[in-house]
Every structure is written in C-alpha cells, then in structure tokens.
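User: Could you take a close look at one part of this model for me, the hairpin with the tilted ring pair, and then tell me how it sits among the other details of the chain? Keep it chatty, but walk me through the reasoning.

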Amino acid sequence: MTASRLILLCMASIFTIPSALADDVSLAEPIVCPIPSYVPIAEDVQLDSGKDIKITSKSTIIEKEQRAIFSGGVTLINQNEKLIADELEINQQQATIKASGDIHFQNQGVDIIAEQFSASQIAKQTSLNNTSYQLANNPGHGAAGRIDINAEGELSLVDSTFTTCYGEIPDWQLKASEIRISVQDNVGEAYNAQFRLFDVPVLYIPYFTFPVTDERKSGFLYPKVGSSSNSGLEIETPYYWNISENMDATITPHYMSKRGLQLITEFRYLSNLQSGSIDLEYLHKDSELQANNDPRYLARFNHTGTLSDNFRLYIDYTTISDDNYLTDIGSQHYNSNDAYLYQVGELSYFSDNWQTTMKLQDFEVLGDHTPGYRTVPQIDISAEQALPFANAIFDVYSELSRFESENPDLASANRYHVEAGLTLPIATPSWFLNSELRLMQTYYQQDVQADSSELEENVSRTLPKVRVHGGINFDRQMSFNPSYTQTFEPQLQYLYIPQEDQSMIGIYDTAQLQDDYNGLFRDRRYSGLDRIAHANQVSWGVTNRVLNTTNQELFRFSFGQIIYLNDSNISLSEDISNVQDSALAADIFLQINRQWQFSGDIQYDTENSATNKSQVNVDYQYSENNLAQLNHRYTRDVSGNSLEQLSLLTNIEINKDWQFIGRVTQDLQEKRSLETYAGFQYESCCWAVQFAYHRHINSYFEEPNNINENRDEFDSGFVIRFIVKGLNQQSRISSDDMLNSSIFGYKRPYFLNN
C-alpha cells in the first residue's frame with residue numbers, strides 16, 4: 001500500500017506540470033477552444049477516516065500477506081488520485097505495483113489512459129506504457145509510448161506528442177523522441193523534435209526547452225520574419241534569459257540580408273523602488289553602405305526610482321551612431337521619422353510645502369543642423385504657503401540654469417530667475433474667480449561671441465504680471481430628455497504684462513506654445529523664460545456640454561478668442577513688433593453612442609484670415625475587433641511648409657478566425673501617399689498567424705559624412721509572425737501591435753470601451 005501511495009502521489013505532482021497555465025486561461029469570445037471535462041472516477045466513494053487508500057475489485061487473492069492480486073473492475077482511490085484497471089498486483093516483498101488492462105488514471109490535473117502500469121519503490125521508478133493524456137482545464141493533450149517518473153518528480157515522455165488542437169489531424173503538433181519535464185525547476189526539454197502543421201513536418205529541432213509553469217524561464221521566444229526594401233529579408237530569433245527574480249534580459253540576433261547581422265539586447269532590473277532597463281542595438285558593419293564601414297548602434301538607459309520618502313530619480317538617455325540609423329534600420333524605442341533623441345536626468349526632492357529638482361537635459365537633433373543648447377544643469381525650487389486670509393496663497397519659484405552648446409558660434413549663458421506671486425482663488429460649484437499678482441526677475445550672464453553682437457553680456461529683466469480669470473457654470477435639465485443635463489460655462493480672463501525689449505537675450509530653451517482653446521487662458525505664449533511676451537489682452541470663451549445620468553460627457557463645444565488690446569507682441573524668431581488683432585480657437589466632441597464618436601479642434605488667425613491648425617477625428621467601434629478611425633490634420637506652418645494629411649485606419653473582424661487591419665495616410669498638399677499598411681490575422685483556438693504588408697515614405701537626413709548613400713524614397717516589405725498557443729500563451733492574441741505598426745500609430749478614443 002505504501003508503494004502505491006508513493007507512486008500515485010508522484011504521478012499527481014508530475015502531471016500537473018503541462019497545465020501550468022490553466023489558472024490564467026482567459027479565452028475571449030469568439031475564440032473558444034474545446035476543453036473536455038471528464039466524469040470523476042467513483043465520485044460517490046468516500047474514504048474512511050484515517051485510511052489513505054481504498055481498493056475495490058470483484059475478486060482478491062492474498063498470498064501470505066506478501067502478494068495481493070486484485071482483478072475484475074479494480075478501482076484504487078486515494079485522496080487525490082484514482083485508478084481503474086482490469087488487474088492490479090501489489091508485491092510487498094519486492095515493493096512493486098503492476099497494473100494491466102484498460103488503465104484509467106485521474107487526478108486534479110490530468111486524465112490518463114494506458115495499457116500497462118508498473119512501479120518499483122526500490123528502483124524509485126514508475127512507468128506507464130502506451131498512454132494518452134488530457135490536461136484538466138486546459139486543451140493540451142497528446143500521447144506517449146512510455147511515461148517514466150523518477151523519485152525527484154521528473155517526468156520523461158518517450159515517443160510523445162503534444163498539441164492544443166483537436167480533430168483527427170491537429171492543425172499543429174509537437175512530436176519528439178523524448179520530452180522531459182521538471183516542475184520543480186520549471187523546465188521542459190524536447191529532444192529530436194518535429195513541429196508538424198496538418199501532419200506535415202515543417203521544422204526539425206534537435207533540442208529546445210520551454211517553461212512548464214507560469215514562472216519565467218530562459219529560452220527562445222517566437223521568431224519574427226519580415227522584409228523591407230531598406231534591409232531585405234529580416235529574421236529575428238529572440239532569446240529570453242531569466243537571470244534572477246528581479247533581473248532578466250532578452251538577446252535578439254537580427255539578420256538583415258542587405259545589411260548583415262545585428263545584435264539587439266535588453267537588460268531589465270527591479271530592486272525595491274528602483275527599476276530600469278539598458279538597451280543596446282549594434283551592427284558591426286553595414287553592407288548596404290559603401291563609403292562608411294563604421295559600426296552602427298543605438299544605446300538607451302532608462303531608470304526610475306524612489307530613493308527615499310522624499311527623493312525621486314529619473315534618467316532617460318539615448319544616443320545613436322548616425323542620424324539615419326532610425327530610418328535605415330529602425331528601432332522599437334523611436335519612430336523612424338523622429339527628428340531628435342531626448343536625453344534627461346532628474347533628481348527631485350519633495351516636501352510638504354516646497355520641492356526642488358536638479359535636471360541635466362539635452363536633445364540629440366538628427367540631420368545637418370546647428371547644434372542646440374543643453375542644460376548643465378538646471379536647478380529649480382518652488383514653494384507655496386497658504387495665508388490666513390481669503391484662501392490666499394503665496395508662492396515662489398526660482399531657477400538657475402547653465403546653457404552650453406557644441407557650436408562654438410553660439411553663446412553659452414547662465415540664467416537666474418525668481419518670481420513671487422500672490423493668488424486669491426475663489427471656487428464654488430457655480431462660479432470661480434482667480435486673481436493673481438506676480439513679479440518676475442531674470443538675470444542673464446552671456447558669453448558673447450564676435451558674431452553675436454546683438455547679445456549683451458549682462459541683462460536684467462524685471463516684469464510684473466496681473467491676471468484675473470473667472471467663470472460661471474449654468475446647468476439645466478434638457479426638455480426633450482430630463483435625464484440629460486446641459487451646461488453653459490462662460491469664462492473671461494484679463495492678462496497684463498508690460499512690454500520690454502528682449503532682443504539682447506539669446507534663445508536657449510524657449511518655443512511657442514499651442515494656441516488651442518485651453519491655451520486661450522494660458523498666462524504665457526512661450527515655454528521657457530527667454531521671451532516673456534507683452535500682454536494687454538482679454539480672453540473669453542464659452543463651453544456647452546451635455547451630460548448623462550452618470551455625468552459622462554456626451555457632447556462638448558467650446559469656442560473662444562483672445563482680443564489683444566496692445567498693438568504689438570514680441571516675436572520669438574525676429575524680436576520685432578508683430579501686430580495682431582485676435583486669435584480664435586474652438587473644439588468639439590460628440591459621442592453619439594458607445595460606438596460612434598466625433599472630435600475636432602481649430603486654431604484660426606484673424607489677422608491673416610487663415611487657419612493655423614486643425615484636426616478632425618471620426619471613430620467607430622462596434623466591438624473590440626471592429627473599429628475604424630478617420631483623421632484629418634492640417635498645420636499651416638511646419639518649418640515654413642504647410643502640412644495636410646488624411647488617414648484611415650480600420651480593424652475588421654471578417655469572421656471568428658480572421659481579422660483585417662489596414663491603414664492609409666495621404667499627403668494632400670503634395671498629393672502623394674505617405675503610408676500604406678495591410679495586415680491579416682488568423683487565429684484558431686490553438687494557433688495564430690499575423691501577416692502584414694507595409695509601404696511608407698522614408699525621411700532621410702543630410703549628413704556631413706555622407707552616410708546617406710543611394711536610398712529609395714519609400715520603404716516597403718512584409719512581416720509574418722507565427723504563434724503557437726498552449727506552450728506559453730493561451731489567451732486571445734491581441735492585434736494592438738499591428739494597429740500601432742505605422743508612422744502615426746492608433747490613438748484610442750478616451751470615452752469608447754476598448
């Protein structure tokens with residue numbers, strides 16, 4: 001009895017290994033895999049208290065308490081295991097158990113049919129012959145000529161198969177001379193394995209490993225095959241390295257038939273409240289470039305951490321070998337048409353009433369350009385204190401910045417800035433009024449160069465600011481549907497900043513902000529501090545909303561204008577008087593139902609009677625896998641050129657197995673295609689495949705070293721990805737990566753169920 005209990009417990013622990021993902025299985029409709037459920041053996045049998053095993057049979061022969069033979073409908077029941085056989089023999093002297101006939105074994109994780117069963121407690125070996133198995137609560141199943149179990153709980157399947165597909169001929173099947181499984185080490189090993197599609201061998205693998213539980217395990221991930229006119233045939237074979245419970249790495253050889261073999265590595269770490277990654281992409285020699293044999297690479301370091309209750313650290317640094325690396329080779333870290341790389345390091349301290357940040361910041365701008373400025377460093381301190389009257393708040397902001405450039409013709413500078421303000425906020429459910437009085441003092445020390453005579457070495461600028469911003473909220477029940485609430489929200493702002501000549505100050509970190517509807521009520525026109533625009537202006541705006549019973553916004557229309565009472569504003573680029581009458585801005589949002597949504601915004605220049613910027617989006621989402629998005633974008637001035645684009649993106653569920661993902665982007669100004677993308681995804685209950693064709697315009701940068709040799713205007717090619725469900729993936733395959741595999745990606749509407 002002891003031998004049988006030991007052997008059955010070993011079997012129970014081993015056969016739960018292949019169903020390691022069963023607890024996490026979440027199959028989304030309509031992909032529903034058939035998972036057989038079997039009737040438990042002798043479900044109504046209850047074990048007596050204190051007894052571990054109960055055996056029933058039609059006849060029993062016991063020989064001097066050394067050998068027992070049970071025959072005729074033998075049933076052996078343990079607390080967790082059950083066994084049916086035609087005949088069962090227990091030899092206590094040899095410590096063996098043998099069973100023959102139609103053997104049926106069950107536990108909580110597996111259902112097994114076998115012809116023979118033998119176990120030896122002395123040899124610590126258990127064997128089952130001519131077996132077939134079905135995992136519980138999991139579609140994984142297969143057969144094995146022999147199953148061996150050792151004392152350590154390791155399982156060996158000889159001449160075995162595994163699949164998650166059903167039918168006489170499975171769509172895919174793994175066939176191996178031997179499969180070894182260890183749940184303790186979370187290791188599955190297959191020897192002399194064939195991967196078969198529709199019973200046709202398509203891939204032979206002498207040896208590979210795979211995880212058998214939900215825990216992470218080192219091993220190869222799914223390969224990716226594709227092509228592009230830039231790089232030719234591309235094959236990626238990522239290898240995942242589970243270094244420790246808080247460290248891992250992914251090493252991906254990336255073969256490009258035109259360029260060579262690239263190595264892509266990603267190292268990730270997590271320690272208490274610190275986390276980050278180190279990424280390196282390296283191509284030793286690019287065969288496509290004839291005049292330049294230098295290595296091409298991209299390196300990125302990202303870190304986020306909480307050092308203590310008050311200190312925060314953030315680092316994001318990226319560098320590349322040449323300006324056309326992203327366009328030629330591409331990277332998952334940046335888009336191929338990105339024009340700069342962000343490099344920043346921040347250390348922040350937070351207290352109850354004040355905070356400070358030290359920042360090192362630089363931009364690696366791509367292309368033949370004049371190098372810009374970097375801050376080395378920038379230190380800012382801000383504090384606020386509530387005053388004991390009228391809810392007033394006194395706040396102070398100060399900043400110390402050092403600007404340097406690689407361009408010797410640009411002046412380096414130190415900037416000292418401090419501003420103090422008094423704010424009187426008044427807010428009620430029906431109205432608000434915020435008054436602000438502020439004094440801003442800035443001092444510059446500039447290393448003036450010979451060709452920068454318009455700049456002065458020492459500049460002091462003192463400017464006051466007065467701002468009054470108020471609004472009223474009206475609401476009422478709508479007459480045609482009392483469950484809906486309509487609001488009417490007018491607001492008004494006056495802003496005054498006196499005019500001062502700032503042409504003797506360089507431009508270090510300042511750019512013009514967007515003049516959208518929310519920007520109408522902003523207290524500045526430029527980011528940074530190098531230009532503070534003269535303001536004597538009134539901003540007005542009106543917002544009309546419709547809310548449902550849960551206060552969800554169904555409709556919003558906002559319209560407003562800035563009326564300039566002064567006759568000039570400081571221009572960022574030329575520092576001259578620029579007459580402006582007014583700026584109009586509006587935005588609209590309409591959610592017709594849970595499927596349809598419309599949104600748009602416009603910025604209009606009344607002086608030139610022209611639209612500066614506009615965008616319109618129409619979204620339709622019938623279900624998770626049926627959506628369409630139409631987008632029109634227009635900008636009047638992008639580096640001196642107008643930009644107007646129309647794009648259509650769609651995801652269509654053709655049937656329960658097939659999906660189509662497509663995108664078209666058209667340049668209406670140049671009357672040309674910017675991007676075409678068409679992809680199909682097939683998914684059954686046990687495997688999936690993604691295939692996509694892409695064609696998009698290339699954005700190349702002129703470089704002094706002439707590395708951009710002979711490139712086509714467009715890049716085109718295909719990508720194919722094959723996914724086996726059941727080894728380490730069982731839930732529905734997402735098409736998000738295909739939706740985002742484009743120049744602009746897919747922006748999900750905020751109010752739609754996604």
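Analyst: One cut-off first, since I'll lean on it throughout: a residue is called buried under 20% relative accessible area, exposed over 50%, and partly exposed in between. With that in hand, N272 is exposed, because its relative accessible area is 76%. Keep that residue in mind; I'll return to it after the hairpin.

Bear in mind that this is a predicted model. The average pLDDT of the protein chain is 82, and 83% of the residues score at least 70. Two stretches call for caution. Residues 574-580 stay under 50 in pLDDT, and the model gives them 20 contacts beyond four places in sequence. Residues 704-708 are also below 50, with 11 contacts beyond near neighbours in sequence.

As for the overall make-up, the protein chain has 41 strands and 3 helices. Of its 754 residues, 44% count as buried. If you take the contacts between residues at least 6 apart in sequence, 50% of them join residues at least 24 apart.

Now to your hairpin. Strand β34 covers residues 596-605 and strand β35 covers residues 610-623; the two run antiparallel, joined by 10 bridges. One residue pairing to look up is Q603, whose bridge partner in β35 is K613. Between the two strands of this hairpin there are 4 residues, and S609 takes a positive phi near 50 degrees.

The rings are the other thing to look at here. The model has a count of 23 aromatic pairs. One of them is W596 with Y620, a tilted pair at 4.7 Å centre to centre and 45 degrees between the planes. W596 belongs to strand β34 and Y620 to strand β35, 24 residues apart, so to speak a link between distant parts of the chain. How accessible are these two? W596 counts as partly exposed because its relative accessibility is 38%. Y620 also counts as partly exposed, since its value is 26%.

There is another ring pair to set beside that one. The centres of the F660 and F680 rings are 5.2 Å apart and the planes sit at 55 degrees, so this pair is tilted. F660 is in strand β38 (residues 658-667) and F680 in strand β39 (residues 672-683), 20 residues apart, and the pair again links distant parts of the chain. With a relative accessible area of 22%, F660 is partly exposed. F680 is partly exposed as well, at 35%.

Rings also gather into a group: F162, W172, F195, F198, W658, Y682, W687 and F722 form a cluster linked by ring pairs. A charged side chain meets a ring at F714, where R695 lies over the face, 3.8 Å from the ring centre.

For a contrast in burial, try Q361, which sits in strand β23 (residues 354-365). Q361 counts as buried because its relative accessibility is 18%, and the cut-off for that is under 20%. Its side chain has a polar contact of 3.1 Å with the side chain of Y342. Leaving out residues up to four places away in sequence, Q361 touches Y342, Q343, V344, R374 and T375. A little further along the sequence, V376 and P377 are joined by a cis peptide bond, with omega about -5 degrees. P377 itself lies in strand β24 (residues 373-386).

Finally, back to positive phi, which you met at S609 in the hairpin. D199 has a positive phi near 65 degrees and is not a glycine. You'll find D199 in the loop between β11 (187-197) and β12 (200-210). D199 counts as partly exposed, because its relative accessibility is 42%. N272 has a positive phi too, near 55 degrees, and is likewise a residue other than glycine. N272 is in the loop between β18 (260-271) and β19 (274-283). As promised, that brings us back to where we began: N272 is exposed, with a relative accessible area of 76%.

Terms used. Residues numbered from 1 in each chain as written. Predicted model: local features only at pLDDT ≥ 70, side-chain atom pairs only at ≥ 80, totals over all residues. Heavy atoms only, no water. pLDDT = per-residue confidence, 0-100. Contact = heavy atoms within 4.5 Å. Buried < 20%, exposed > 50% of the residue type's maximum accessible area, 1.4 Å probe, protein only. Polar contact = N/O pair within 3.5 Å; in protein donor to acceptor, adjacent residues only side chain to side chain. Pairing = 2+ DSSP bridges. Phe/Tyr/Trp six-rings, centres within 6.5 Å; stacked < 30°, edge-to-face > 60°. Lys NZ or Arg CZ within 6 Å of the ring centre and 35° of its normal.
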